[in-house]
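Q: I am new to this structure and should like to learn how to read it. Could we go through it feature by feature?

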Amino acid sequence: MQHPKPEQLTDYFYAALAPEADAAVHAHLAQCASCATAYDDEAALSSMLRRFANDSERELPRSVVDGVWERLANERPKARMAAFLGAVMRPFVAIPAAIAIVLAAVFIPQYAAQRDLPSIDASYYLQDHAAMAATVPFGVRSSVPAALVSNNDDDNAPATFAIANDEP
Amino acid sequence: MTSRSGAALVCAAAAVFALAGTARADDAATALLRKAFDAPTKVTYVGEVQSMRFGQNRSEVEIYRVEHQAPNLTHRWYLAPRVAYGDSVITRGDTSYTVDMNKNVIVVSKDDAIDDRIAVDNNFTLLTANYRASFGPDDSAAGRMTHVIVFENAYTGETTMRLWIDTHTGVVLKKEIYGANGSLIAAMRFTSIRYVPVIPSDMFSLPRRVPTVQGGSHGAPINNLSVAMKSAGFSVREPRYLPEGFQPLAADVSDVSGVRTCHILYSDGIRTISLFENARDAAVNLTRFREAHVRFEDHDGVYAEDGPTLLLAWSESGLHYTLVGDLALGELTRIAASVVP
Amino acid sequence: MGPRKATEPPTAEQAAFLERAIEQYGKATYNFAYRLTGNEADARDLTQEAFIRVYRAWRSFVPGTSFTSWIYRIVTNLHRDELRRRKGRFYEEIPEDNAPQDFGGNKPLAVEPIDEYVERQLSEPVAKALAALSPDQRQVVILADIEEYSYQEIAEIVGCSIGTVRSRLHRARTQLRKLVQAYSRS
């Protein structure tokens, strides 16, 4: 077989060649060092991508899940609400229902607050403030060196220069 | 925030330029200050630093050795406080590696604002707009000759900061920051410094066989408030009152214990305050601090001191707010009362 | 049973379907969205919208087929719609973020990093290179190399022919190789 084209090598790597073509490339790679190197390059690129994927893997933020449920809760059908209101507006239903709603409004938020709401440790606020405030070069929170920036493009001064350490 | 719709932080810079006319600093002092801002990108040195912040009940002291290779490699090795002894922070540009020897872990964090030329320039403009810079008598620090710049608040006339700047290199060798009553609230000084042409590369290497973890709690500051507002997912409020000269400088939005929290940093170039807001009324847990109650306007708030830093927290209309900063309680409650829908 | 109308009330079954979907596929979907968009804020919005679509169209999911392929298809379509919606704005942001950073200028960096450090630095050029690809190319690379789908499956998710997948993937890999090298050098 002639040297496979780069596209064929990629298809071979992804196991997307027809069986005959796959076998031919397989046999060629066993005896052609330059194609074997090119194949290793293909494999290295993919393994680099997978390593990057592993390194940058993230947890699903809780806010996304909450956001989904909140949005769905707000989209409850209006038509059913109208029918429901029609039914509950009859006095013998409305009065007990109103009492129940008032009681629920008073007690459920308190219960929910105790049961569901997370609290955030004060240390988080203090540390996050310190971290962000440290970027103010001569602020109360800055450290040494005060301001770190990449070199100025318009400044051709060398990064280091000789300085006499013994003061006159 | 709705009261200042579309308030991008670029507006901060514009406002600052407008102020510049009223608070024109001494040109030579300003030029030297600019040199001090740029010095870290040009000067390589090794030294030892003492840094202190003074509170009414507790003060904080840090002592560290610093090796800095221009333009943006730094290694700080902590000698004090005792809990941090032996810990290192290696910074390369905007990425920091905190080597925690006790927990045997390296925490990697990224802070876009540190390596941001525009952010630094905004800071310079903010500082020179809000403070009149003038020369004090020359002095020495860490065995080097220094020019001293005194910063006077353009609105109150109070002396707020003194910088001792190496006459040759522009490196700030000593800094003192004063509170409203003239008391010292923060200070930094090099106890020794030696300028060198190059630092051996292994000074910036990380220890082997120590696992790294992402320091995920601090989001990257962004330079546009409207982006922060959009990504917060709730209506973020902005204080109507800020002490003179304070401007929003940076912001981020993070998920903290599953709660979306928006953090905006305000500064006048020296002093800083942070306003945190979350939409789930997630209260602040102050169990590890001495908690006190305070009433301002129609609000019941709680506050605690962490050395010189005050934390004030309160809730309103289902939002929870936390203000953190090195200002007096009265000033913080005044800011807090102005955060209204 | 035919598809439900959006205005019909949710059933316990429908809610349970969504709950299970989020629990089992939420993280993968979010990571897929993050890799497509390159930022957390857009990935959050995309993931949230995708699960809303899953909830509304839950009846159209055919049991026995791949749920991941289905939701990736939803995410891919949403992402494409979003790109169309903010065309121009999107492309302005990319070059600045992804231009090689001129860290040390002409000066050599004095860092001899350890293995983990090298690994971390390696992943940065990859992230930048991925972000610099066109959205279509990025999709196929992510689906082929990170999610390990076949050409046929990618074609179904993206909604194009196998030939298109093949040519996009070849171009993307050639481009990616160049970009990774360029960003690694910088």
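The dialogue below takes up confidence, overall make-up, helix crossings and a single residue.

Q: What should be considered before the details of this model?
A: The model is predicted, and a reader should therefore begin with the confidence. Where pLDDT is low, the predicted coordinates should not be read in detail. For chain A, the mean pLDDT is 71, and 60% of the residues reach 70 or more.

Q: Where in chain A is the confidence lowest, and where is it highest?
A: Helix α5 (residues 78–88) of chain A has the lowest confidence in that chain, with a mean of 46. The highest belongs to helix α2 (residues 19–31) of chain A, at 91.

Q: Which stretches of chain A stay under 50 in pLDDT, and how many contacts does the model give them beyond four places in sequence?
A: One of them is residues 106–115 of chain A, where pLDDT stays under 50 and the model has 0 contacts beyond four places in sequence. Residues 150–162 of chain A also stay under 50, but for these the model has 21 such contacts.

Q: How many helices and strands do chains B and C have?
A: A count of elements gives a first description of a chain. Chain C has 8 helices and 0 strands, and its elements run α-α-α-α-α-α-α-α from the N terminus on. Chain B has 5 helices and 20 strands.

Q: What part of each of these two chains is buried?
A: Burial is judged here by counting neighbours around each residue. In chain C, 33% of the 186 residues count as buried. In chain B, 46% of the 341 residues do.

Q: What can be said of contacts between residues distant in sequence?
A: One takes the contacts between residues at least 6 apart and asks what share joins residues at least 24 apart. That share is 69% in chain C. In chain B, residues 24 or more positions apart account for 54% of the contacts with a separation of 6 or more.

Q: How is a crossing of two helices read, for example that of α1 and α3 in chain A?
A: One looks at the axes, the angle, the hand and the residues that meet. The axes of α1 (residues 6–13) and α3 (residues 33–55) of chain A come within 10 Å and cross at roughly 55°. These two helices are therefore oblique to each other, and α1(A) passes α3(A) in a right-handed crossing. On the side of α1(A), the residues are A:L9, A:T10 and A:F13; they meet A:A38, A:Y39, A:E42 and A:A43 in α3(A). By class, this contact has 5 nonpolar, 1 polar and 1 charged residues.

Q: At what angle do α1 and α3 of chain C cross, and which residues meet there?
A: The axes of α1 (residues 12–37) and α3 (residues 67–85) of chain C come within 10 Å and cross at roughly 40°. That makes α1(C) oblique to α3(C), and the crossing is right-handed. Among the residues that meet are C:A21, C:Y25 and C:F32 in α1(C), with C:F67, C:I71 and C:V75 in α3(C). The contact has 10 nonpolar, 4 polar and no charged residues.

Q: Finally, how is a single residue such as C:E19 placed: buried, exposed or partly exposed?
A: One finds its element, then its surroundings. C:E19 lies in helix α1 of chain C. Because C:E19 has 14 C-beta neighbours inside 10 Å, it counts as partly exposed. The C-alpha atoms of C:E19 and C:F51 are separated by 9.7 Å, and these residues are 32 apart along the chain.

Technical notes: Residues are numbered from 1 along each chain as its sequence is written. Chains are lettered from A and ligands numbered from 1 in the order in which they are written. This is a predicted model: local features need pLDDT of at least 70, side-chain atom pairs count only at pLDDT 80 or more; totals for chains, interfaces and linings use all residues. Helices (H or I, at least four residues) and strands (E, at least two) are DSSP runs, numbered from the N terminus. A residue is buried if 20 or more other C-beta atoms lie within 10 Å of its own, exposed if 12 or fewer, and partly exposed in between; C-beta atoms are placed from the backbone. Two residues are in contact if their C-beta atoms, placed from the backbone, lie within 7 Å. Axes are lines fitted to C-alpha atoms, for helices over the stretch in contact, and angles run from 0 to 180 degrees between N-to-C directions. Angles under 35 degrees count as roughly parallel, over 145 as roughly antiparallel, 65 to 115 as roughly perpendicular and the rest as oblique. A crossing is left-handed if the near helix is turned anticlockwise from the far one by less than a right angle, and right-handed if clockwise. Ala, Val, Leu, Ile, Met, Phe, Trp, Tyr, Cys and Pro count as nonpolar, Asp, Glu, Lys and Arg as charged, and the others, Gly among them, as polar. pLDDT is the predictor's confidence in each residue, from 0 to 100.
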